[in-house]
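Trainee: Got a few minutes to go through this one with me? I'd like to start with the helix packing.

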Amino acid sequence: MTPTSLPDDWPADPRSILALNHTGCFDWDLDSGLMHLDAAGHEVFDVRADEYDGHPTSLGVRVPPVEAHRLDAYVSHALKDGSRTYGIYFRIRLRDGGLRWTHTQGFIQRDGTGRPRRIVGIIRDATQELGDSTARHQRADEEEDRRRRTSIVQGTTAALAHARTVRDVIDVLKDTHGLAHLGASNLVMGLVEAGRIRLVAEGPVGSFVPGTKFTRIDERYPMSDAVRTLSPRFIETAAEFAASYPDLWPHIDKLGITAAAYLPLIAQAKPIGVLGLLYQDKTGFTEEERNVLVALGSGIAQSLQRAMFYEQEKDLAQGLQQAMLPRTIPGVPGADVAVRYRSAALGRDIGGDWYDVIPLPGGRVGAVIGDVQGHDTHAAAVMGQLRIVLRAYAAEGHTPATVMARASGFLHELDTERFATCLYAEADLNSGVVQLVRAGHIDPLLQQTDGSCRRVPVDGGLPLGLSAEFGRLEYPVTTFELDAGQTLLLFTDGLIEEPGADLDDGLRALGDLACSGPRDLQQLADRLCEIVDERGGEDDAALLLLRRRLIDAPRSGGRLQQHVGPGDPEALAEARHMIRAAVRAWGARERADEIELVADEVITNALMHTDGAAIVTLRVISGGDRRLRVEVEDSSSALPRRREAGESGVSGRGLLLVDMLVDVWGVESRGSGKCVWCEFIVPARESEGRDSQGRESQGRESQNRESQG
C-alpha cells in the first residue's frame, strides 16, 4: 500500500471525495508517530512542504488550541474504544488570520490483538459543504458553547469552594480542563498589595511578560485599569490592544493574542486582585459571554478573599507557635537531646503541640512533651502559656506530680475551654533515675542500647485542665532507671496517628522504625519524622529524644546526693522526693515505706539538733547481699543517743524506730562532724545479677571500709 492509498473496505467510498478540490490524504504510522501528508493535504492546512516535518505537532500553528483539544480527544477516544473509523469537523487558522472549516475521516488499522498501528484517511476543505447550513451550525455551536460555558463555570465554582489557599485558587484556574475550555489560551492573575499589583500566576509556561511582576495601579496596563476603575476591561481586537497599550502590545503580539478580558476581583467593595484571560482565536465578546465572565470573577474573588484570610491566620498562628517553642535546646551535661516539630502535612492546620527541655540543679533535667486541644491560633497561645508555667514550676523545685497538678490548675483558671495532654519526665543523669508523670498523654518508648524499643507503661491522670475541673489533681509517679546509652522517646499523637489504624499499632511501628534507625540521635530524629512527611496527615507532631551519655554516666546503682539547709522546707521535700524515686527505680519497692520513714527521721534529727545543714546521700552497695545505704552527714560531732520517751513524751522514739526497721546502722566521724548511716538489704535485680561478679570485689572493699567506720 502506498502512503496515499486507501483500503478497499473503506466504509464510504472516499475515492469520489478525492475528486473534489482541496482534498488531501494522510498516512499516520502510530508506532513511529510520523504522518505522511500529500501536496493536497498541505494546501488544506495552508502549510508549505518545508514547514511540515512529518510530525502532526508541526500543524499546531494552523489549529487553534480549543480545536486542537477537541480533535485530540475525539481521535484518542476512537483509538481506545475499538472503532474502525472516525470523522470530525474542526477549524483551522489560515495565513491571513481567517478561520476555515475542515473535515477529516480516518480508517484505523489494528493488529491481531486489537492494538491500533496505523491510520489512513483524508483531510478536506468543508467550507462549501457547510456553507448552506452555516446559520444552523452556528446556532448549534452557540448552544453547545452556552452549555459548555455553564458547565465550566459550575465546575470551576465547585472546585473553588474547596480551595483554602491562594495556591489552591490558582491551581483551579490553571486547570487545563477549566478556564481553557472557555476559549482562553493564556491566564494572568495578580494580587493588590500596597498600591501595586503583584503577579502571582501566568500561563502557559513561557508567556511571562518582562516588567510585569510588579506594576503600579496608576500605570498604563489593562490589569491596573481594571483595578483602578473597579470595572472589567474587555479588549475585543488585536488593533484595540495595540492602540490602548502600546508598551505592552509587542510582548502580547508575540503570543498571538487577539482579544482579552481583565476582571477585577472585588470583595466587600475592595479590589483584592485581578484576573486576565487572553485569547488567540477570538474577536469580540457577546453580552452573554461578558455576563458569564463577570459572574465568574465575582466567585473567584470570594474564594480568593477566603484563602487570603486563611493564610493570614495561618501565618499568624505559625509565627506565634514558633515563637512559643524554644529556639534552641540548652546543652545538658550527661545527656544528648534531639527535638523535632512537624506541621500538618498539608500545611493547613496549626496545633498546640510543644516540647521543652529544662535544666535543673543537681545534674537533673526535665523533659516535656504536650498537645493542646485544637488547631488554631488559640491553641498555639494556650500552648505557649502552658510551656512557660511548666518550666517555672519545675525550676522552682517542685516534684513532677506537683508540677503537673499546678499546671492543670493554671489551665483551668484560664479563660478557655481547652484542655491539654502532657508527659513530664525528670531525669537524674548522675544515677539514671527517671520520674514520669502523665496527664492523658501517650506512653513513651525506651530504646535499649542494642537499638530495640519497648513501651514504658506510665500511670496517668486526667489531661491538664480537666483534672482541676473534676478535682482529681493526684498524678501518680512512675519511676525507672535510664541506663547509660539508653534513649527515652517522647512524642505527640501526630507522630503515630493514622486514620483507620490503632494507636498501639502506631506505637509498634514507631518502635520498629527506631530499632532499625541510625544510632546518631539527630539522624534518628529525622528518620522518625519521615513517617509524618511520607504519610501526610492533618495533625502536627512533636518529638523529643533524651539519651543518657555513656561517658558521663556512673554505673547502674550509682550515688545520689542532696543538700538540705536549715529552715529550707523545699530542700527537705526534694530530699524525700529523691529517696522515694531512687528506692523505686533501684528495685527496693517492697521496703520503700521503711526506707522513706527511716531516712526522714534521720534527716529531721540532723536539722533539729544541729545548727547547720545536712547532706543526704543514697547509694546501692552490691556484695554478698545487695544493700541500699542512706547517709546523713551534719556538722555536729555530738553522737546521737537513745533516750526513753516516756508515756507522754513527743521525742526520744526516733532511734528506736531506726533500730527496729533497718538491717544495720551506725555512726561515723567525718572531720568536725559525723555521718549517720543506715543499710537495708534489698533483692538483686536480674540485670545487676548478671553484673554482680564484676562488681563483687568493689562492693566487698566498700563494705569493709564502712564496717571499720
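Trainee: In which hand does α11 pass α12?

Mentor: First, a word on the source: this is a predicted model, where local features need pLDDT of at least 70, side-chain atom pairs count only at pLDDT 80 or more, and totals for chains, interfaces and linings use all residues. Residues are numbered from 1 along each chain as its sequence is written, and side-chain values use heavy atoms, with hydrogens and water left out. A crossing is left-handed if the near helix is turned anticlockwise from the far one by less than a right angle, and right-handed if clockwise. By that rule, the crossing of α11 with α12 is right-handed.

Trainee: How do the residues of that contact divide into nonpolar, polar and charged?

Mentor: Contact here means heavy atoms within 4.5 Å. Helix α11 brings residues including L386 and Y393, and α12 brings residues including R406 and F410. Ala, Val, Leu, Ile, Met, Phe, Trp, Tyr, Cys and Pro count as nonpolar, Asp, Glu, Lys and Arg as charged, and the others, Gly among them, as polar. The split is ten nonpolar, one polar and one charged.

Trainee: Now α17 and α18: which way does α17 run relative to α18, roughly parallel or roughly antiparallel?

Mentor: Helix α17 covers residues 592–609 and α18 covers 654–661, and they pack at about 150° with axes 10 Å apart. Angles run from 0 to 180 degrees between N-to-C directions, with axes as lines fitted to C-alpha atoms over the stretch in contact. Under 35 degrees counts as roughly parallel, over 145 as roughly antiparallel, 65 to 115 as roughly perpendicular and the rest as oblique. So α17 and α18 are roughly antiparallel.

Trainee: Is S636 buried or exposed?

Mentor: S636 is in the loop between β25 (626–634) and α18. Buried means under 20% relative accessible area, exposed over 50%, and partly exposed in between (1.4 Å probe, protein chains only). At 18%, S636 is therefore buried.

Trainee: Which residues does S636 contact, leaving aside neighbours within four places in sequence?

Mentor: Keep the loop between β25 and α18 in view, since S636 is found there. With those neighbours set aside, its contacts are T610, S672, G673 and K674.

Trainee: And A68, what does it count as by accessibility?

Mentor: You'll find A68 in helix α3, residues 65–80. Its relative accessibility is 23%, so A68 counts as partly exposed.

Definitions and conventions:
Helices (H or I, at least four residues) and strands (E, at least two) are DSSP runs, numbered from the N terminus.
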